[in-house]
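Hello,

Here is the structure you asked about. My notes follow below it.

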Amino acid sequence: MNKLTKIHVIFTLIRLCNSGKYGKRKLAKFCCITGKNVYETVEKNGLAGAITGLVLASGMSVEAWHVNGFLTGAKGIVENAGGTTIPVEESTVTLEYDYLDDGTIEITDCPTSAAGALEIPAEIDGVAVTSIGDNAFQYCDSLTFVMIPYGVTSIGYCAFSDCDALTTITIPDSVTSIGAWVLAYCDSLTFITIPDGVTSIGECEFSGRNALTSIVVDNKNTAYCSIDGVLFDKNLETLICYPGGKTSTFYAIPDGVTCIRRFAFNACVSLMSIAIPDGVTSIEPCAFSWCSSLTSITIPDNVTNTGGSAFCDCESLTSITIPDSVTSIGWHAFYGCEALTDVYYTGTQSQWEAISIDSRNSCLTNATIHYNATPATTSTTTTTNNNPILPTGDLDGDGSITIQDAYNALVAYSKASAGLDAGLTDAQREATDVDGDGKITIGDAYKILLYYANTVAGTGVTWEEILG
């Protein structure tokens with residue numbers, strides 16, 4: 001086992017205020033510096049003595065900040081041109097790693113005490129890092145930001161699961177495989193982007209009582225796509241993941257979907273009703289598990305098997321319609337559905353008694369069975385809009401302008417400046433280009449930061465004022 005010690009100050013956010021431009025209101029501002037000479041940038045923009053905040057742009061090393069005299073002292077104190085000292089987060093973390101058969105490196109472990117922002121190295125002693133191993137960062141519940149370097153191709157099982165404070169993770173275009181449960185139980189993560197190179201995503205990737213509201217897939221990805229933040233395969237035949245942080249109470253699965261994947265709706269606690277189209281033939285195990293607000297559901301008549309734990313712990317479920325096409329109901333499928341009182345079965349009593357019902361389904365078998373019931377219509381309207389219009393600056397489509405939006409804009413600008421694909425959908429690109437000049441620039445990222453800062457400060461500033 002090998003170890004690497006790496007300083008990981010990469011994203012320090014601080015605030016500054018200025019007054020005058022908008023009359024008597026104070027305009028909260030953020031300083032976004034991309035050059036290496038910090039003092040020159042501060043003085044050039046008349047910010048000396050005013051800085052209380054900074055976004056450290058992608059590609060700037062900690063060493064560069066030390067060379068320019070911006071980080072001073074062993075405790076990581078930021079000193080601006082006006083002489084005011086401001087503490088920032090600076091620490092070290094020891095990463096363990098192994099050599100793979102091809103001679104490259106896999107990160108295998110990170111101490112759970114790691115906190116704040118972490119930049120995983122692209123190389124160690126000149127050897128490329130290509131893999132994040134199974135469980136490598138699991139339970140690092142004080143990490144808030146992780147940047148995975150370009151060159152990493154695989155992210156292993158549970159690599160970042162149970163990172164409770166994680167709000168941002170950047171997955172580079174080089175990644176092709178994302179293992180199962182990689183970001184499960186990351187309770188602070190609201191947004192994730194799947195880059196174009198990913199061809200394999202394991203089950204439960206984003207599951208488990210999280211705040212995730214949107215999954216966005218690069219338009220050039222050939223294996224996956226997303227509609228309104230919901231993850232599907234590229235052909236829109238398999239629904240892979242409905243983000244558990246969405247607040248809608250109803251969702252209609254699009255027509256054309258034939259399979260609801262394992263854990264697809266796991267712990268979607270806001271959903272009270274889900275419309276499943278008639279074309280669905282497969283409901284995999286745990287597909288709707290822990291949907292605690294779900295009150296009723298109709299299984300379409302092309303389904304023959306209800307997977308194990310498919311509806312387990314749906315504690316508000318009072319009724320379900322089951323078609324006569326079903327021949328087996330898996331183990332634990334309705335375990336914990338204590339409120340279930342009525343089962344509407346479209347076949348006869350003898351057909352019902354012929355169904356193979358596995359153990360731990362007493363909540364189902366103890367309910368009142370209504371035979372020869374008429375199923376509700378479950379056909380839905382298909383939408384193929386993979387690029388819904390997003391409000392100005394709202395890259396993740398969650399309805400508000402946040403620091404996450406500003407960071408995503410900054411990353412997109414950094415990629416574009418390096419001649420790389422910015423990794424944005426058409427809708428995200430339009431939302432990022434706040435000044436409407438057709439380009440993603442540092443000015444766009446700054447204006448999004450500016451808008452966010454004023455929202456936090458409660459100034460009531462409008463986009464017209466920001467752009468003016």
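**Cysteines first**

Cys363 counts as buried, at 11% relative accessibility. This is a predicted model, so please read every value here as computed.

Which cysteine sulfur is closest to that of Cys363? It belongs to Cys337, 5.9 Å away. A disulfide needs two cysteine sulfurs within 2.5 Å, so this pair is too far apart for a bond. The total across the model is 0 disulfides. Cys291 is in none either. The nearest cysteine sulfur to Cys291 is in Cys314, at 5.1 Å. Cys291 is buried, with a relative accessible area of 0%.

**Cores**

The largest nonpolar core has 45 residues. Ile260, Phe265, Ile283, Phe288, Ile322 and Phe334 touch the most other members. Several elements each supply at least two residues of this core:

- strand 21 (224–227) and strand 22 (230–233)
- strand 30 (319–322) and strand 32 (342–345)
- helix 4 (362–365)

Apart from this core lies another, of 44 residues. Its members include Ile105, Ile124, Ile132 and Cys140.

Back in the largest core, take Ile283. Leaving aside neighbours within four places in sequence, Ile283 is in contact with Ile260, Ile276, Phe288, Ile299, Val303, Asn305, Thr306, Gly307 and Ala310.

**Ser289**

Where does Ser289 sit? Its place is in the loop between strand 27 (282–283) and strand 28 (296–298). Is Ser289 buried or exposed? Ser289 counts as buried, because its relative accessibility is 0%, against a cut-off of under 20%.

The side chain of Ser289 makes a polar contact with the side chain of Asn266, at 3.0 Å. Beyond four places in sequence, Asn266 is one of the contacts of Ser289. The others are Phe263, Phe265, Ala267, Ser309, Ala310 and Cys312. Val269 is 20 residues from Ser289 in sequence. In space, the two are 9.9 Å apart, C-alpha to C-alpha.

**A sheet**

There is an open sheet of 3 strands, in the order 11-14-16, with parallel pairing. Strand 11 (115–119) and strand 16 (168–170) are the edges, and each pairs on one side only. The twist averages 20° from one strand to the next.

How many bridges join strand 11 to strand 14? There are 5, and the two strands run parallel. Strand 14 covers residues 142–147. One bridge pairs Ala115 with Ser142 in strand 14.

Best wishes

Methods: Residues are numbered from 1 along each chain as its sequence is written. This is a predicted model: local features need pLDDT of at least 70, side-chain atom pairs count only at pLDDT 80 or more; totals for chains, interfaces and linings use all residues. Side-chain values use heavy atoms; hydrogens and water are left out. A nonpolar core is a set of buried Ala, Val, Leu, Ile, Met, Phe, Trp, Tyr and Cys residues joined through side-chain atoms within 4.5 Å. Buried means under 20% relative accessible area, exposed over 50%, partly exposed in between (1.4 Å probe, protein chains only). Helices (H or I, at least four residues) and strands (E, at least two) are DSSP runs, numbered from the N terminus. Contact means heavy atoms within 4.5 Å. A polar contact is a pair of N or O atoms within 3.5 Å; within protein, one must be able to donate a hydrogen and the other to accept it, and residues adjacent in sequence count only if both atoms are side-chain atoms. Two strands pair if DSSP finds at least two bridges between them. Axes are lines fitted to C-alpha atoms, for helices over the stretch in contact, and angles run from 0 to 180 degrees between N-to-C directions.
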